[in-house]
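Please look at how the helices and the sheet are arranged in the structure below. The report that follows takes them in turn.

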Amino acid sequence: MTLPVHTAEATPTRPPNGPTTARAHLFHAGTVEEYRRVVAAGTERVARRVAEATGPCSGVHPDELAPLVDAVDLDRPLGDATAALDELEEVYLRDAVYFHHPRYLAHLNCPVVLPALLGEAVLSAVNSSMDTWDQSAGGTLIERRLVDWTAGRIGFGPTADGVFTSGGTQSNLHALLLAREEALAGATPADRRILLPRLRIIASAAGHFSVQKAAKLLGLAPDAIVLVETGPDRRMRAGAVRHEIARCRRDGLPVMAVVATAGTTDFGTIDPLDGIAEVCATAGVWLHVDAAYGCGLLVSPTRRHLLDGIERADSVTVDYHKSFFQPVSSSAVLVRDGRTLRHVTWHADYLNPARMVAQRIPNQVDKSMQTTRRFDALKLWLTLRVMGPDAVGELFDEVCDRADDAFELVAADPRFEVLTRSPLSTVVFRWLPTGRGRDLADAANLRAREALAASGLAVVAGTKVDGRQYLKFTVLNPHTTREDVGYVLDLIAEHAGRYVHAHAGTPAVDLTCPVG
């Protein structure tokens, strides 16, 4: 038998018109030179945009950009990568939001490190699928090694396990599915039908909305989420959790999980993890810690103590694409007892037959809610191998320091009021008009945010606190300076003041902002 030989010479890079023309676009041995060319061309376009950016965005409105995208005829290919990149400049690159810019201060989006971009290029080209060993081989072992490393940083023991996910929302859903199944363990189908609508999840009022979404997806009752109000520091109290567990039990409502947060989205606050863990251990309730934001503390040289108690959780969410400076997506869910992952295992004869477990063939689909899945772990692997965890931790410490500077700057500015100081990198504040314009404060802050984004000079976030409109800095770029923050504050005050000046003689109205 003769082994078929596939070489670069066997298939022309640019075949003539005919049945083989489409094959010229496939990545294989015969197209590696074209691969090098088109990837380099795309990289050059991105590099030029990043180098020339004068702000984080163009300020384009959906009504302006949509016609350009709608006008593209997807049934008429351009036939050339250069022409496609020219078109992409118009429909995407020109108006993209660039998180690398130091005046991007809105959401939990970070600039990314170069080793992770290298990983992205490699994993996209090789295109491993992480569901089974026979589709990934070494990728499976690399992901498992990173899960073990992260579990060690959390403080879990040797029985811990986990799996990479698409993001914090999926990780939280995954963890709460495990908690639900543990709460219903041993129940008959009839008992499950009775118990399911009675299950409760206790969570912070400042926690992430994905907890409510998970409860709905898991078939729980509309009132399954018991929200615990926070104090002025925006943290969930251990005593309040104890009280709610006792109240639920008196009412015959089993508590399937408590969700604590290490880095709330709005305030960057961290619940007292050790105290809440003690309450959950005493009550025998599953504790999930959403550390999607605060996970950067796992590698912090100076702030790791802020996560004390996280090692007592039953499950933890981490988002490397928030606090490890990784490209989206890069996230994981970790569990203290790996055996609980059996609740998402399903064996398919064509993919992961049960016999493979006895053969010790590692199939990640046995642990995951997903089947086909990217090798996102490679980005973190190369980051750790090139930079090391201490360097990542130094970057996260820097953004926390920059947020401290921003807090001091806002607190000292009489034009603004600032709320709770975050141990992470969030600053929540609002511009306050004087005199009769104070009734317009909510609308003015909304309009200031909208006008700022439309200018393309900066992007900030907005939220509501106790029914009032606030603005928010989320600092995740070590290159953001005090001067950047001061400049943005001046722009906000200018836009808000202009709005109040124009509307001071009219009643305040409930205005909405079309910006993210």
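Of the 16 residues of helix 6, 13 are buried, so helix 6 is largely enclosed by the rest of the structure; buried means under 20% relative accessible area, with a 1.4 Å probe and protein chains only. Helices (H or I, at least four residues) and strands (E, at least two) are DSSP runs, numbered from the N terminus. This is a predicted model, in which local features need pLDDT of at least 70, side-chain atom pairs count only at pLDDT 80 or more, and totals for chains, interfaces and linings use all residues. Residues are numbered from 1 along each chain as its sequence is written, and side-chain values use heavy atoms, with hydrogens and water left out.

An open sheet of seven strands has the order 2-8-7-6-5-3-4 with mixed pairing, where two strands pair if DSSP finds at least two bridges between them. Strand 2 (161–165) and strand 4 (225–228) stand at the edges, each with a single partner strand, so one side of each is left without a neighbour in the sheet. Within the sheet, strand 6 (residues 287–291) and strand 7 (residues 315–319) pair in the parallel sense over four bridges, and Asp290 stands opposite Thr317 in strand 7.

Two helices lie across strands, as tabulated here; axes are lines fitted to C-alpha atoms, for helices over the stretch in contact (heavy atoms within 4.5 Å), and angles run from 0 to 180 degrees between N-to-C directions.

| Helix | Lies across | Angle |
|---|---|---|
| Helix 9 (residues 238–250) | strand 3, strand 4 and strand 5 | about 150° to strand 4 |
| Helix 10 (residues 273–283) | strand 5 and strand 6 | about 175° to strand 5 |

Conventions. Buried < 20%, exposed > 50% of the residue type's maximum accessible area, 1.4 Å probe, protein only.
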